[in-house]
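User: Please take a close look at one part of this model for me, the packing of helices towards the end of the chain. I'd like the geometry and the residues in contact, plus a little context from the rest of the chain.

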Amino acid sequence: MTVPAVNWNYPTNIKAGPGRIKELAGYCRELGMTRPLLVTDPGLAALPMVRDAVSACCDAGLNCAVFHDIKGNPTGRNVDDGVAAFKRGQHDGVIAFGGGSALDAAKAIALMAGQDRPLWDFEDIGDNYLRVNAAAMAPVVAVPTTAGTGSEVGRASVITDEAAQVKRIIFHARMLPSIVILDAELTVGLPPKITAATGMDALSHNLEAYCSPVFHPMAAGIALEGMRLIKEYLPQAVADGADLQARQQMLTASCMGATAFQRGLGAMHALAHPLGALYDAHHGLLNAILMPYVLKANEHAVAPRLEALARYLGLPQQGPGAVLEWVLGLRQAVGIPHTLAEIGLDDAQAERVGHMASQDPSAGTNPVNFSAEKYSQLFRAAIRGNL
């Protein structure tokens, strides 16, 4: 089946379809860039896809450079270094190229390029976003190479404050990239394990947004269809990384998850954020492992929604428990570990994790208001596999 090239204008200007990376230079020019800074991670920087993108931009007359000093969980220092590179090269725009880490760092660099306040002054608390000099922000073209975070359509970046050992959400509405390229060809080389972890991250966004108590029917509808796409196409993408149809649909589902979580997230992310900050573990894998434990804890509060989801997904059994069984089966099918212990975590900091999770912004839209003690219990359960 041929995968069509389509343009969507929600929530931003999205160019979807295999091979559309060839249009990158034109979109940079459309946004007024002549000297873009391509921000990516060290692994991707060495790959042909990045070299080809830079060469194509240079061939089109753009003076394009690369910044790749970014950790798997990007830090404030990474952002500061990126801003310094942006200013040294007299760049006038950013190409955010890669997975969620690169995209989050790139958006934060574009934000900070024209600010005179420190990064943490723009943490998503109260009306801090009003401090931003929006006119000084650099334009962004986003090119995701994983189908997971959906950061390409997000208005925020998650950045680790290493001094405080906490992840902070940096927000401004204009952090939403102006143009997004969803090109499945850029994802075909992604290993099965990363495909699985990022795909489950996309599921966590859609599922938590769907279960949020916030009234936002449009976001709920997007989340519902996003989960259907993941049910159908994630196992295919893991089994056959060259399946362009599955890859393109997973990019779409990832994009939908980040659009839907305007409705809020929940306890999966409330726990994953401190665990990522304390243990530097992969965010998508953390959400994937935590998912059934949180789903079980929330089940009584969202039973009608889960029953509707089970019907929409066409699950063989019905009722709220059917969704939990589907999640467990999907995780097993794509090779996700059942416990946090299997990826090297222990419960030595369980009380600290519980306190941090209860204070995380994502906790505010969980269907149940969990205490710090309850979050500690959930963490321990996910360590030991007590579902």
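Analyst: Happy to! One definition to start: helices here are DSSP runs of H or I with at least four residues, strands are E runs of at least two, and both are numbered from the N terminus. Please also keep in mind that this is a predicted model.

With that in hand, here is the part you asked about. UniProt, in an unreviewed entry, annotates residues 195–382 as "domain: Fe-containing alcohol dehydrogenase-like C-terminal". This span is 71% helix and 0% strand, and its end C-alpha atoms lie 22 Å apart.

A good place to begin is helix H6, residues 192–211, alongside helix H7, residues 217–239. Their axes come within 8 Å and cross at roughly 160 degrees. An angle over 145 degrees counts as roughly antiparallel, so H6 is roughly antiparallel to H7. The crossing of H6 past H7 is left-handed. From H6, the residues in contact include Pro192, Ala196, Met200, Leu203, Leu207 and Tyr210; from H7, they include Ala223, Met227, Ile230, Leu234 and Val238. Sorted by type, the residues of this contact are 17 nonpolar, 4 polar and no charged. Among the polar ones, Gly199 of H6 and Gly226 of H7 are counted, because Gly is classed as polar in this scheme.

H6 also packs with helix H12, residues 320–334. The axes of H6 and H12 come within 10 Å and again cross at roughly 160 degrees, which makes H6 roughly antiparallel to H12. Here the handedness is right-handed. On the H6 side, Ala196, Met200 and Leu203 make the contact, and on the H12 side Trp326, Leu330, Arg331 and Val334 do. The division for H6 with H12 is 6 nonpolar, no polar and 1 charged. Ala196, Met200 and Leu203 of H6 appear in the contact with H7 as well.

A third packing has another geometry. Helix H9, residues 267–279, meets helix H14, residues 372–384, at an angle of about 70 degrees, with the axes 11 Å apart. H9 and H14 are therefore roughly perpendicular to each other. Ala267, Ala270, Leu271, Leu275 and Tyr279 of H9 touch Tyr375, Leu378 and Phe379 of H14. The residues of this contact divide into 8 nonpolar, no polar and no charged.

For context, let's turn to the earlier part of the chain. UniProt lists residues 11–183, also in an unreviewed entry, as "domain: Alcohol dehydrogenase iron-type/glycerol dehydrogenase GldA". Residues 11–183 are 28% helix and 22% strand, with end C-alpha atoms 17 Å apart.

The model holds 2 aromatic pairs. One of them joins Tyr129 and Phe171 edge-to-face, at 6.1 Å centre to centre and 80 degrees between the planes. Tyr129 sits in the loop between helix H5 and strand E6, while Phe171 belongs to strand E8, so the pair ties together parts 42 residues apart in sequence.

Two backbone details round this off. Most residues other than glycine have a negative phi, and most peptide bonds are trans. The peptide bond from Tyr10 to Pro11, however, is cis, with omega near 0 degrees, and Pro11 lies in the loop between strands E1 and E2. Gln90 has a positive phi, near 50 degrees, and is placed in the loop between helix H4 and strand E5.

Methods:
Residues are numbered from 1 along each chain as its sequence is written. This is a predicted model: local features need pLDDT of at least 70, side-chain atom pairs count only at pLDDT 80 or more; totals for chains, interfaces and linings use all residues. Side-chain values use heavy atoms; hydrogens and water are left out. UniProt positions are given in the numbering used here, feature names are shortened, and annotations may be inferred rather than shown by experiment. Axes are lines fitted to C-alpha atoms, for helices over the stretch in contact, and angles run from 0 to 180 degrees between N-to-C directions. Angles under 35 degrees count as roughly parallel, over 145 as roughly antiparallel, 65 to 115 as roughly perpendicular and the rest as oblique. A crossing is left-handed if the near helix is turned anticlockwise from the far one by less than a right angle, and right-handed if clockwise. Contact means heavy atoms within 4.5 Å. Rings of Phe, Tyr and Trp (its six-membered ring) pair if their centres lie within 6.5 Å; planes under 30 degrees apart count as stacked, over 60 as edge-to-face and the rest as tilted.
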